[in-house]
Amino acid sequence: MNEATDEQILFLFQNPGTKDKGFTLLMDRYNRRIYWHIRRLVVAHEDAQDLLQETFINVYKHLHTFNGDSKLYTWLYRVATNECLRLFKERKRFLGSFEEISEKLVDTLHENSTLESDQVLVRLQEAILRLPEKQRLVFTLRYYDELPYEEISKILDSSVSSLKTNYHLASSKVKAFMIKEA
Amino acid sequence: MKEEFDLDKPQKPMPYQVPPGFFEGITHATLKEAKRREAATATPKSAFPWQIWAMAASVAVLLAVGYFLWADAPTTRQPIAKAGGQHAPVARHEAKPVLAPPVTPKAQKKIESKPEAAMAQEKASNREPRLATRKLEAGPEESLDNLLASLSDEEVAELAAIAASETYVYEESLQ
Amino acid sequence: MKVYRTLMLLGIGLLLVVSGQAQDLRNNPQLQERLTQVKLREIQKTLLLEEEKMKALSPIYRRYESEVNSIHLARQARPKGTSLQSLSAEEADKLVAQQLDNAVKLSTIRKNYYPEFKTVLTAQQVMTLFKAEAQIRRRVMLEMRRRMGNRAK
């Protein structure tokens with residue numbers, strides 16, 4: 001069977017009788033992609049699970065406001081990214097600063113990695129988690145999700161030139177960290 | 001020799017694991033939760049602020065009106081009581097068809113001499129347990145979501161701070 | 001007119017008293033009671049306990065909960081809006097010492113109540129009970145996150 005298109009999903013969602021079907025198709029289509037985006041940012045599976053659910057619950061509530069200005073997945077990334085930023089903001093209240101959140105995430109990364117985990121991959125994640133928030137977001141969206149700068153700009157509300165600079169800076173820092181830690 | 005790091009290699013795996021069957025179950029669980037929240041927020045939550053304020057205002061007005069009625073009472077009641085004392089025999093005759101229980105002169109004196117503050121305290125002590133009982137009666141039917149929905153932001157913040165303090169000291173040991 | 005003004009002032013005063021109390025769990029035993037009842041219901045649901053078992057568990061859990069609460073409510077939280085950086089070394093030191101102390105106290109309470117819980121529940125069920133409590137804490141934090149999100153929108 002062919003996978004439903006975004007247009008078909010939106011059509012099903014807008015009809016009260018087929019809303020649940022549309023939502024199910026939407027989640028089945030995008031939940032892996034959005035989960036991994038969230039997981040890369042928050043590290044722990046339990047947090048990623050909570051945020052993935054919150055993201056799609058928000059989508060369920062507000063999808064009717066989606067006006068088609070951007071691609072559907074861009075909108076989903078935006079909602080998911082906002083959920084992650086909200087978590088960081090909440091943690092900042094308890095942990096005090098962004099650096100402390102990063103430290104906590106690095107701890108969680110090492111707790112989550114097993115002996116079988118590829119140590120190069122773990123170090124790469126550590127390098128990314130040590131980046132400043134904006135750079136980390138740009139880097140993961142560009143490097144892992146391979147999104148065009150134009151789409152990232154819609155997700156993060158930032159200009160393309162600023163995103164390019166941030167990505168360049170982030171890549172240099174990640175490379176430097178990997179060389180130092182090798 | 002150490003593996004060389006290449007940021008530009010095409011495969012970008014992650015060092016994380018996902019519990020088996022997670023993606024198969026998450027859609028159904030999320031849809032269920034979204035529908036539950038939609039049902040829960042349909043009436044009470046969207047109307048939360050004004051309803052609560054309206055209720056609080058009504059309670060305040062009722063209490064205030066009650067207070068004034070009650071505060072007025074001794075000033076109007078006192079002369080009657082005194083007058084009752086003066087014309088006791090007449091009152092007793094006339095009192096026959098009155099439905100209220102008869103007040104003995106001793107008790108009458110007690111009522112008259114009871115200071116306002118003590119009466120207010122008695123009133124309050126009569127009121128409080130009733131309120132508590134009502135709340136406790138409502139308790140067993142209350143779910144966690146309903147309870148959370150009924151709390152103010154400050155109360156949730158306080159509970160969340162307690163929850164967070166335990167998350168860092170305890171929850172991890174359960175993993 | 002004067003009566004109106006008095007009524008309004010009284011109403012506002014009452015609202016302030018009510019909202020002032022709502023901000024502090026310590027002064028709100030009714031909320032504490034509601035929380036305990038909700039927790040007991042969640043535990044019953046998670047452990048699929050019959051009424052008879054719940055009757056036996058309930059008094060033990062209430063005593064346990066009240067001891068846990070006494071630790072939490074006595075806790076000296078970092079004042080609202082202050083970051084870790086803004087604390088003096090002495091204040092931070094005091095806070096860390098208190099947090100570590102509380103962690104030990106909470107563990108001790110759970111350890112002390114474990115044999116008593118086992119008179120009603122199996123060891124596995126006690127573990128599930130602790131997990132159910134952790135799940136409740138998680139849901140409280142989620143609610144907090146949700147409200148912060150709504151405020152930010």
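Tutor: A helix here is a DSSP run of H or I over at least four residues, a strand is a run of E over at least two, and both are numbered from the N terminus. Please keep in mind that this is a predicted model.

Student: OK, how many helices and strands does chain C have?

Tutor: Chain C has 5 helices and 0 strands, and reading along the sequence gives the pattern α-α-α-α-α.

Student: And what share of its residues is buried?

Tutor: Of the 153 residues in chain C, 41% are buried. The accessible surface of this chain is about 9,400 Å², and carbon and sulfur atoms account for 58% of that surface.

Student: In the chain C contacts between residues at least 6 apart, how many join residues at least 24 apart?

Tutor: The share is 64%, taken over contacts in chain C between residues at least 6 apart in sequence.

Student: At what angle do α3(C) and α4 of chain C pack?

Tutor: Two packed helices are described by the angle between their axes and by the distance between those axes. For α3(C) and helix α4 of chain C, which covers residues 89-117, the angle is about 175° and the axes are 10 Å apart. Since angles over 145 degrees count as roughly antiparallel, α3(C) is therefore roughly antiparallel to α4(C).

Student: Which residues of the two helices meet?

Tutor: From α3(C) the contact includes C:L57, C:I60, C:Y61, C:Y64, C:V68 and C:I71, and from α4(C) it includes C:L106, C:I109, C:Y113 and C:F117. Charged residues take part as well, among them C:R63 and C:E67 in α3(C) and C:K105 and C:R110 in α4(C). By class, the residues of this contact divide into 11 nonpolar, 3 polar and 5 charged.

Student: Switching to charges: how many salt bridges are there over all chains?

Tutor: The count comes to 23 over all chains. In general, side chains of opposite charge can pair when their charged atoms come close.

Student: Which residue does B:E24 form a salt bridge with?

Tutor: B:E24 pairs with A:R32, and their closest N and O atoms are 3.2 Å apart. B:E24 sits in helix α1 of chain B (residues 22-45) while A:R32 sits in helix α2 of chain A, so this salt bridge joins two chains. B:E24 is exposed, at 56% relative accessible area, whereas A:R32 is partly exposed, at 41%.

Student: What about B:E33, which residue does that one form a salt bridge with?

Tutor: B:E33 forms one with B:R37, with 3.0 Å between the closest N and O atoms. Both residues lie in helix α1 of chain B and are 4 residues apart, which is about one turn of the helix. B:E33 is partly exposed, with a relative accessible area of 21%, while B:R37 has 18% and counts as buried, because the cut-off for buried is under 20%.

Student: And in chain C, how far apart are N and O where C:K39 and C:E65 meet?

Tutor: The N to O distance in the salt bridge of C:K39 and C:E65 is 3.0 Å. This pair links distant parts of the chain, with C:K39 in helix α2 (residues 29-47), C:E65 in helix α3 (residues 51-74) and their positions 26 residues apart. Both partners are buried, C:K39 at 18% relative accessible area and C:E65 at 3%. There is also a network, in which salt bridges with shared partners join A:E54, B:E33, B:R36, B:R37, B:D145, C:E42, C:K45 and C:R139.

Student: Is C:L48 buried or exposed?

Tutor: C:L48 is exposed, with a relative accessible area of 73%, and its place is in the loop between α2 and α3 of chain C. C:L48 and C:Q125 are 77 residues apart in sequence, yet their C-alpha atoms are 9.9 Å apart in space.

Student: Back to chain A. Where is A:H37, and what does it touch?

Tutor: A:H37 lies in helix α2 of chain A, residues 19-42, and is buried, with a relative accessible area of 0%. Leaving out residues up to four places away in sequence, A:H37 touches A:Y77, A:A80, A:T81, A:L141 and A:D145.

Student: Where is A:T81 found?

Tutor: A:T81 is found in helix α4 of chain A, residues 72-95, and is buried at 1% relative accessible area. With residues up to four places away in sequence again left out, A:T81 touches A:H37, A:L137, A:I155 and A:L156.

Note on methods. Residues numbered from 1 in each chain as written. Chains lettered and ligands numbered in written order. Predicted model: local features only at pLDDT ≥ 70, side-chain atom pairs only at ≥ 80, totals over all residues. Heavy atoms only, no water. Buried < 20%, exposed > 50% of the residue type's maximum accessible area, 1.4 Å probe, protein only. Contact = heavy atoms within 4.5 Å. Salt bridge = Lys/Arg side-chain N within 4 Å of Asp/Glu carboxyl O. Areas by Shrake-Rupley, 256 points an atom, 1.4 Å probe, with all protein chains shown as cover. Axes fitted to C-alpha atoms, helices over the stretch in contact; angles between N-to-C directions. Parallel < 35°, antiparallel > 145°, perpendicular 65-115°, else oblique. Nonpolar A, V, L, I, M, F, W, Y, C, P; charged D, E, K, R; others polar.
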